[in-house]
Amino acid sequence: MLGLIDSEKAHSLGISALTNFGQTSVGSKILDSIYHAPELPTKVFGMDFQHPLGLAAGFDKKAQALSAWPSLGFSWIEYGGVTRFPQDGNPKPRMFRANKENALVNRMGFNNPGSIAVRDSLLERKSKGQWPNNPIAANIGRSKKVSNEDAPDDYASTLDVLWDFSDLFVLNVSSPNTPGLRELQGEEHLSKVLEACSNIRDRKKNFKPMLLKFSPDMEDEILFNSVETAMNSGINGFVATNTTLSRYVPKNSQSRSVFAQTGGLSGRPLKARSLEVVSMLYDYTDSKVPLVGVGGIDSVDSAWDMINSGASLIQLYSALVFQGPSVVSHIIKGLKKKIYENNFSSIDEAVGYYHK
Ligand SMILES: Cc1cc2nc3c(=O)[nH]c(=O)nc-3n(C[C@H](O)[C@H](O)[C@H](O)COP(=O)(O)O)c2cc1C
């Protein structure tokens with residue numbers, strides 16, 4: 001039972017340590033000497049990435065440890081989910097580890113200080129010269145107290161507030177932990193949300209890519225409709241996938257009790273479906289739209305499969321919980337080896353290779 005209750009506490013302690021130690025110059029040098037990942041460069045959305053692997057949304061909700069993540073080997077960071085209004089999220093406990101399955105169940109519910117507070121802390125970071133050189137993404141969710149009818153303004157406001165504090169934006173309409181949120185993936189709501197966000201972007205002087213993050217639980221037809229709508233409404237890429245509501249029954253009793261919790265499942269059990277969704281998106285978009293693959297990446301082979309299935313960039317969350325930060329450099333070293341063994345000249349040649 002302790003293991004169940006302590007997951008979020010352990011997570012908060014890790015973030016605090018990173019915030020306090022990992023962002024000092026001595027701390028980041030020490031971390032970098034332990035966790036340094038080699039280069040495996042790629043250019044996506046016109047941006048240079050040292051390698052394809054980034055930190056998935058939800059780990060650094062407040063963008064608190066932004067400049068520490070590169071010292072752990074990540075080439076890019078997605079902070080958030082941030083909502084327009086501050087919110088506490090669901091009552092604790094709300095994050096559970098199923099150790100034998102290498103899986104997490106969470107029902108955090110977008111706990112975050114709200115867009116203005118996040119913007120203020122990022123402004124302070126910038127003015128202190130503590131902005132990382134790596135590409136930064138912001139994950140934007142819908143405030144709980146806002147209805148789906150009013151969601152367009154809610155997303156657009158957060159986008160507006162955070163505009164100068166991210167290189168790309170991920171519109172999250174796929175978290176299972178905000179009631180009704182995933183209905184925003186449907187054509188009618190989606191087009192309104194995206195129109196409002198595009199209007200904000202049109203008013204800015206600098207273009208920045210907007211991505212849409214999908215749930216793994218969508219029926220194929222609804223997924224493809226959403227893709228059509230999104231591509232007609234200014235979306236530049238897709239992130240697949242968020243956590244799943246689907247479950248199997250694990251053999252192990254601790255895992256069974258975790259799987260019985262309400263919330264989204266992430267980690268190893270998500271891998272097969274995330275790969276499948278990325279593969280379908282790659283086919284459906286004729287490989288013309290960059291894809292970010294996330295869900296169950298926890299090894300060299302799973303990262304390689306995701307890239308070969310069509311992902312130009314990849315992310316992980318759960319594997320960091322189960323394996324610690326060394327998983328990042330381990331994966332990148334392994335990908336470099338795969339590139340060499342396959343006689344590819346760069347990682348770009350591996351993107352979508354299974355389809356060729
Ligand atoms: C505790 C927790 C919180 C999360 N919060 C968010 C979030 O705020 N926004 C979002 O788009 N995804 C969120 N996610 C989903 C992850 O970004 C990722 O899509 C999912 O965990 C699958 O990747 P993984 O198997 O590597 O964990 C969260 C996941 C976890 C475990």
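In this predicted model, N106 has G264 of β11 as its bridge partner. The strand β6, residues 103-106, runs antiparallel to β11 and is joined to it by 4 bridges. Both strands belong to an open sheet of 3 strands, ordered β5-β6-β11 and paired in antiparallel fashion. Because β5 (95-98) and β11 (264-267) each have a single partner strand, they form the edges, and one side of each lacks a neighbour in the sheet. From one strand to the next, the twist averages 25°. As a general point, strands of a sheet pair through backbone hydrogen bonds, in either a parallel or an antiparallel sense.

The loop that leads to the edge strand β5 starts from β4 (76-82), and G89 lies in this loop. With 19 other C-beta atoms within 10 Å, G89 is partly exposed, because the count for a buried residue is 20 or more. Leaving aside residues up to four places away in sequence, G89 touches R94, M108, G109, F110 and N111. Between G89 and N102, which are 13 residues apart along the chain, the C-alpha atoms are separated by 24 Å.

A helix pair is described next. Helix α4 (residues 115-127) packs against helix α5 (residues 151-162) with the axes 9 Å apart and an angle of about 10°. The two helices are therefore roughly parallel to each other, as angles under 35 degrees are counted in that class. The residues that make the contact are listed by helix below.

| Helix | Residues in the contact |
|---|---|
| α4 | S115, I116, V118, R119 |
| α5 | S157, T158, V161, L162 |

Sorted by class, the contact of α4 with α5 holds 4 nonpolar, 3 polar and 1 charged residues.

The largest nonpolar core has 96 residues, and those touching the most other members are F169, L171, L211 and I314. Helix α5 gives the most to this core, with 6 residues. Thus α5 both packs with α4 and contributes to the core.

Which residues does L211 touch, not counting those up to four places away in sequence? The contacts of L211 include L168, F169 and V170. L211 also touches I235, N236, G237, F238 and V239, and in addition V292. One of these contacts, F169, is itself among the core residues that touch the most other members.

Methods
Residues are numbered from 1 along each chain as its sequence is written. This is a predicted model: local features need pLDDT of at least 70, side-chain atom pairs count only at pLDDT 80 or more; totals for chains, interfaces and linings use all residues. Two strands pair if DSSP finds at least two bridges between them. Axes are lines fitted to C-alpha atoms, for helices over the stretch in contact, and angles run from 0 to 180 degrees between N-to-C directions. Angles under 35 degrees count as roughly parallel, over 145 as roughly antiparallel, 65 to 115 as roughly perpendicular and the rest as oblique. Two residues are in contact if their C-beta atoms, placed from the backbone, lie within 7 Å. Ala, Val, Leu, Ile, Met, Phe, Trp, Tyr, Cys and Pro count as nonpolar, Asp, Glu, Lys and Arg as charged, and the others, Gly among them, as polar. A nonpolar core is a set of buried Ala, Val, Leu, Ile, Met, Phe, Trp, Tyr and Cys residues joined through C-beta atoms within 7 Å. A residue is buried if 20 or more other C-beta atoms lie within 10 Å of its own, exposed if 12 or fewer, and partly exposed in between; C-beta atoms are placed from the backbone.
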